[in-house]
Amino acid sequence: MAAGRVPPGALSLRQFLRRQQVLQLYRKILRAIREVPAEQDRRYLKDWAREEFRRNKDATAEDAIRMMITQGNMQLQELQRTLKLAKS
């Protein structure tokens with residue numbers, strides 16, 4: 001492969017950065033779920049998160065992906081607030 005050539009199927013810079021955002025959100029959600037005290041609730045939330053990300057893994061529309069990231073961040077914040085209230 002010559003220098004400067006992009007292999008077929010490679011992600012654009014925008015796609016790469018968006019993918020990193022999605023992976024970062026997924027990791028943050030899983031970390032927050034680890035703090036849920038009840039094992040059954042943890043299992044349910046973990047399965048829910050996995051299913052949501054799997055269901056949307058083939059999304060390609062930039063606006064839809066941005067919207068899903070925003071919704072995911074809002075759900076993460078809600079989970080974090082709920083956990084904080086439960087601890088106090």
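## Close-up views of a three-helix chain

**Figure 1. Overall dimensions of the chain.** The chain has a radius of gyration of 17 Å, whereas a compact globule of 88 residues would have one near 12 Å; the radius is taken over C-alpha atoms, and the globule rule is 2.2 Å times the number of residues to the power 0.38. This is a predicted model, in which local features need pLDDT of at least 70 and side-chain atom pairs count only at pLDDT 80 or more, while totals for chains, interfaces and linings use all residues. Residues are numbered from 1 along each chain as its sequence is written, and side-chain values use heavy atoms, with hydrogens and water left out. The C-alpha trace spans about 60 × 20 × 20 Å along its principal axes.

**Figure 2. Helices and contacts of the chain.** The secondary structure consists of 3 helices and 0 strands, in the order α-α-α from the N terminus. Helices (H or I, at least four residues) and strands (E, at least two) are DSSP runs, numbered from the N terminus. Of the contacts with a separation of 6 or more, 68% join residues 24 or more positions apart; a contact means heavy atoms within 4.5 Å.

**Figure 3. Surface and charges of the chain.** About 7,300 Å² of the chain is exposed, and carbon and sulfur atoms supply 53% of that area (Shrake-Rupley method with a 1.4 Å probe; for residues, only the protein chains shown count as cover). Buried residues make up 15% of the 88 residues. Buried means under 20% relative accessible area, exposed over 50%, and partly exposed in between (1.4 Å probe, protein chains only). There are 19 positive and 10 negative side chains, and the centres of the two sets lie 7 Å apart. Lys and Arg count as positive and Asp and Glu as negative, with His and the chain ends not counted; the place of a charge is NZ of Lys, CZ of Arg, CG of Asp or CD of Glu.

**Figure 4. The largest nonpolar core.** Its 9 residues are Leu-25, Ile-29, Ala-32, Ile-33, Val-36, Ala-49, Leu-76, Leu-79 and Leu-83. A nonpolar core is a set of buried Ala, Val, Leu, Ile, Met, Phe, Trp, Tyr and Cys residues joined through side-chain atoms within 4.5 Å. Two or more residues come from each of α1 (13-34) and α3 (62-87), and the largest share, 4 residues, is from α1. Beyond four places in sequence, Leu-25 touches Phe-53, Ile-69, Gly-72, Asn-73 and Leu-76.

**Figure 5. Arg-18 in helix α1.** Arg-18 is buried, with a relative accessible area of 17%. Leaving aside neighbours within four places in sequence, Arg-18 is in contact with Glu-62, Ile-65, Arg-66 and Ile-69.

**Figure 6. Pro-37 in the loop between α1 and α2 (39-55).** Pro-37 is exposed, at 69% relative accessible area. Not counting residues up to four places away in sequence, Pro-37 touches Arg-42 and Leu-83. Pro-37 and Ala-59 are 22 residues apart in sequence and 33 Å apart in space, C-alpha to C-alpha.

**Figure 7. Arg-27 and Gln-71, two partly exposed residues.** Arg-27 is in helix α1 and has 43% relative accessibility. The C-alpha atoms of Arg-27 and Asp-63 are separated by 22 Å, with their positions 36 residues apart along the chain. Gln-71 is in helix α3 and has 38% relative accessibility. Gln-71 and Ala-10 are 61 residues apart along the chain, and their C-alpha atoms are separated by 27 Å.
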